[in-house]
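Trainee: Please take a close look at one of the chains in this model and tell me how it is put together. After that, carry on to whatever it touches.

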Amino acid sequence: MAGEAQAAVEATRIGFSYGKTVALDGLSLSVPRGASFGLVGPNGAGKSTIIRIIVGLLKPQHGGIQVLGNPYPHSMARDMGYMPQLSALYAELSVWENVDFFAHVYGLTERRRRVLLVGECIRLVGLWERRNDPVLKLSGGMRQRVSLACAIAHQPRLLVLDEPTVGLDPELRVAFWRHFRELTAGGVTLVISSHTMDDAAHCDRLAFLRDGKVVAEGSPAELVGATGSPGATLEETFLYFLRREAGASDVK
Amino acid sequence: MTLNRSLAIATRIIRQFLRDRRTMGMIVFVPLLVMTLVGLSFPEDGILDYVAPALLAAMALFFVFILTGVSFLRERSQGTLERLMAAPVSRAEIMVGYLLGFILFAAVQALIILLYTIFVLKVHYAGSLWQIFVFQLIITVVALNLGLFVSTYARNELQVIQFIPLVLVPQFFLSGLLWPVEQMNRFLQHLSKVMPLTYSVDGLRKIMLEGKTLGDVWVDLAVLAVFAVSMTMLARLPQFHI
């Protein structure tokens, strides 16, 4: 397949505004296939906007995007999984019914295969015993796990997760990252937005975002190395790049 | 477009409604209560016979509008619509799915109102019962589309509720429900022509009071179909990939 050698996501000088508020200001990034790629930045940096552009919910007003080798995400929607910031589940329906519904609309129309994959997925997120319970009876962390199961049941090649670990306790956060590593080991590409350095440390590559721009991109080790302080934490590294970007803007 | 995904959406909506027992109870009970109060408020049977077709049309429009408007808005506010739209599902598949899911409950509600009006409130009618029901079903399809259309422009439940005086109340007064359209001033007569309830009241009255058939009221049916299709097309689903 010609597109396999290309990046999973290639965004070039993307611009997007909500009215007068600029969300993305010439953002470019390249997500390698089979890697976990973290979009890290403070609130309002443009993380959710670029996520929505990648999954095809928003159309870039400037610049271009290629997803899995295709110029526009729609044709690749079946190969993508999306976990929004809100758990976005049908509260009256059971865990099984929620996962089964999203697997169905993502193209798993053959019932036997769907039952197999949905069951596998629910086991993977550790909710097999609660599979018949309505979502409204589950805790926040459990809902996040159902939401993840809904995003992965159809076995996507690209998984896009908007702040997937917000509100999770440390134990669950570790479990989530274990799932994510299993997925990338199987060749799935992960794009994860987060504002915590805890999540960033788990990613293969990172893009630091601020004011709708990428201020630095690389592996955590490369980014730390670029600060000139080998012992710097990721938090210090992030702040270093923010200050450098602010300094550059002042010079301009 | 495939019907498969639309059916998956419709099945999911039906399941959701069936699990919400209080809502299910209210879908049945509230129209009965309202029709009883309205029916008892008319002192003479003759007047109720004349007003009943218009009431049936207005009630179908009102209850189905509320049902779909609020339900669809809830999909948006809890984020499930956005999640659905990131899936490989087209705008048409989503709309057809919602229509199929809601229409079952809308039809049940319409049938309850109709049977209660005729067999309990003893309203006399001239046309055939099944043709009255089919016409009422068509009104519910228009109401479904109107509810979906309005909810895509509202950001919360409060805004949907405020669309009632804007979208429904003028129709109750100008559609010929309370007094003939011909007795209104010219401007209001023109205004009534762009309201689906005008054609609903006109068609249902002709069938119930004059014994006309669905074929005889084809103009009303055609206008209602145009309303339904245009509401669906104008519904502002979050755009982009579909």
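Mentor: Chain B has 10 helices and 0 strands. Its pattern along the sequence is therefore helical from end to end, α-α-α-α-α-α-α-α-α-α. The model is a predicted one. For the 242 residues of chain B the globule rule gives 18 Å, and the radius of gyration is close to that, at 18 Å, so chain B is as compact as a globular protein of that length. Along the principal axes, its C-alpha atoms fill a box of roughly 55 × 40 × 35 Å. Of the 242 residues in chain B, 42% are buried. Among the contacts in chain B with a separation of 6 or more, 80% are between residues 24 or more positions apart.

Val150(B) serves as a local example. This residue belongs to helix α6 of chain B, which covers residues 129-151. Val150(B) counts as buried because 23 other C-beta atoms lie within 10 Å, and the cut-off for burial is 20 or more. When neighbours within four places in sequence are left aside, the contacts of Val150(B) are Gly69(B), Val160(B), Phe163(B) and Val167(B). Lys193(B) is 43 residues from Val150(B) along the chain, and the C-alpha atoms of the two are separated by 20 Å.

Next comes the side of chain B that touches chain A. Chain B puts 22 residues into this contact and chain A puts in 26 residues. On the chain B side, α1 (3-19) and α4 (80-86) each supply at least two residues. The most comes from α1(B), with 7 residues. By character, the chain B side divides into 9 nonpolar, 6 polar and 7 charged residues.

Within chain A, one helix pair can be described in detail. Helix α2 (residues 95-105) and helix α3 (residues 111-124) of chain A pack with their axes 10 Å apart, at an angle of about 125°. That angle makes α2(A) oblique to α3(A), because it falls outside the 65 to 115 range for roughly perpendicular and is not over 145, the bound for roughly antiparallel. The crossing of α2(A) past α3(A) is right-handed. From α2(A), the contact is made by Val95(A), Trp96(A), Val99(A), Asp100(A), Ala103(A) and His104(A). From α3(A), the residues are Arg114(A), Leu117(A), Val118(A), Cys121(A) and Ile122(A). The residues of this contact divide into 8 nonpolar, 1 polar and 2 charged.

Two loop residues of chain A deserve a check of their backbone. Most residues other than glycine have a negative phi. Ala88(A) has a positive value, with phi near 50°. Ala88(A) sits in the loop that runs between β5 (80-83) and α2 of chain A. Ala88(A) is buried, since 23 other C-beta atoms lie within 10 Å. Asp211(A) also has a positive phi, near 50°, and is a residue other than glycine. The loop holding Asp211(A) lies between β8 (205-210) and β9 (213-218) of chain A. Asp211(A) has 19 C-beta neighbours inside 10 Å, so it counts as partly exposed.

Notes: Residues numbered from 1 in each chain as written. Chains lettered and ligands numbered in written order. Predicted model: local features only at pLDDT ≥ 70, side-chain atom pairs only at ≥ 80, totals over all residues. Axes fitted to C-alpha atoms, helices over the stretch in contact; angles between N-to-C directions. Helix = DSSP H or I, 4+ residues; strand = E, 2+ residues; numbered from the N terminus. Parallel < 35°, antiparallel > 145°, perpendicular 65-115°, else oblique. Left-handed = near helix turned anticlockwise from the far one by under 90°. Contact = placed C-beta atoms within 7 Å. Nonpolar A, V, L, I, M, F, W, Y, C, P; charged D, E, K, R; others polar. Rg over C-alpha atoms; globule rule 2.2 N^0.38 Å. Buried ≥ 20, exposed ≤ 12 C-beta atoms within 10 Å, placed from the backbone.
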